[in-house]
Amino acid sequence: MAKKSKIAANERRKQVVARYAERRADLKETIRTAATPEERDAAVRALSRLPRDASPVRVRNRDQVDGRPRGYVGKVGLSRINLRTMAHRGELPGITKSSW
């Protein structure tokens, strides 16, 4: 089980990313398609003034059950440990134990 504070901080980051997503996308597009170097520099400065947590890279993938940050399996949104236990119990539809 992850610390509640780490899970809460990650949720705050998700909210900040959502709040600034449109503004970041506009600035990134301006940087890509700027006609003059001055426009590009102004857009880069504006982008750097946004909060650090507004970048989607700062959001960590965490287990939906207990918040474990490592061993995350994106297909089901669980860590490898919870994936295994829930699959053995038959709680995940469409996921079966492999045998050959």
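In this briefing, Lys and Arg count as positive and Asp and Glu as negative, while His and the chain ends are not counted. The structure is a predicted model. On that charge convention, the chain carries 25 positive and 11 negative charges, and the mean positions of the two sets lie 11 Å apart. The chain contains 3 helices and 2 strands.

**Fold and dimensions**
- Along the sequence, the secondary structure elements follow the order α-α-β-β-α.
- The radius of gyration of the chain is 20 Å, whereas a compact globule of 100 residues would have a value near 13 Å.
- Along the principal axes, the C-alpha atoms occupy a box of roughly 60 × 35 × 15 Å.

**Contacts and surface**
- Among contacts in the chain with a separation of 6 or more, 36% join residues 24 or more positions apart.
- The exposed area of the chain is about 7,700 Å², and 51% of it is supplied by carbon and sulfur atoms.
- Buried residues make up 26% of the 100 residues of the chain; the cut-off for this class is under 20% relative accessible area.

**Nonpolar core**
- In soluble globular proteins, nonpolar side chains tend to be buried together.
- The largest nonpolar core of this chain has 8 residues: Val 16, Tyr 20, Leu 27, Ala 43, Ala 46, Leu 47, Leu 50 and Ala 54.
- Two elements, α1 (4-33) and α2 (37-49), each give two or more residues to this core.

Note on methods:
Residues are numbered from 1 along each chain as its sequence is written. This is a predicted model: local features need pLDDT of at least 70, side-chain atom pairs count only at pLDDT 80 or more; totals for chains, interfaces and linings use all residues. Side-chain values use heavy atoms; hydrogens and water are left out. Helices (H or I, at least four residues) and strands (E, at least two) are DSSP runs, numbered from the N terminus. The radius of gyration is taken over C-alpha atoms; the globule rule is 2.2 Å times the number of residues to the power 0.38. Buried means under 20% relative accessible area, exposed over 50%, partly exposed in between (1.4 Å probe, protein chains only). Contact means heavy atoms within 4.5 Å. Accessible areas come from the Shrake-Rupley method with a 1.4 Å probe; for residues, only the protein chains shown count as cover. The place of a charge is taken as NZ of Lys, CZ of Arg, CG of Asp or CD of Glu. A nonpolar core is a set of buried Ala, Val, Leu, Ile, Met, Phe, Trp, Tyr and Cys residues joined through side-chain atoms within 4.5 Å.
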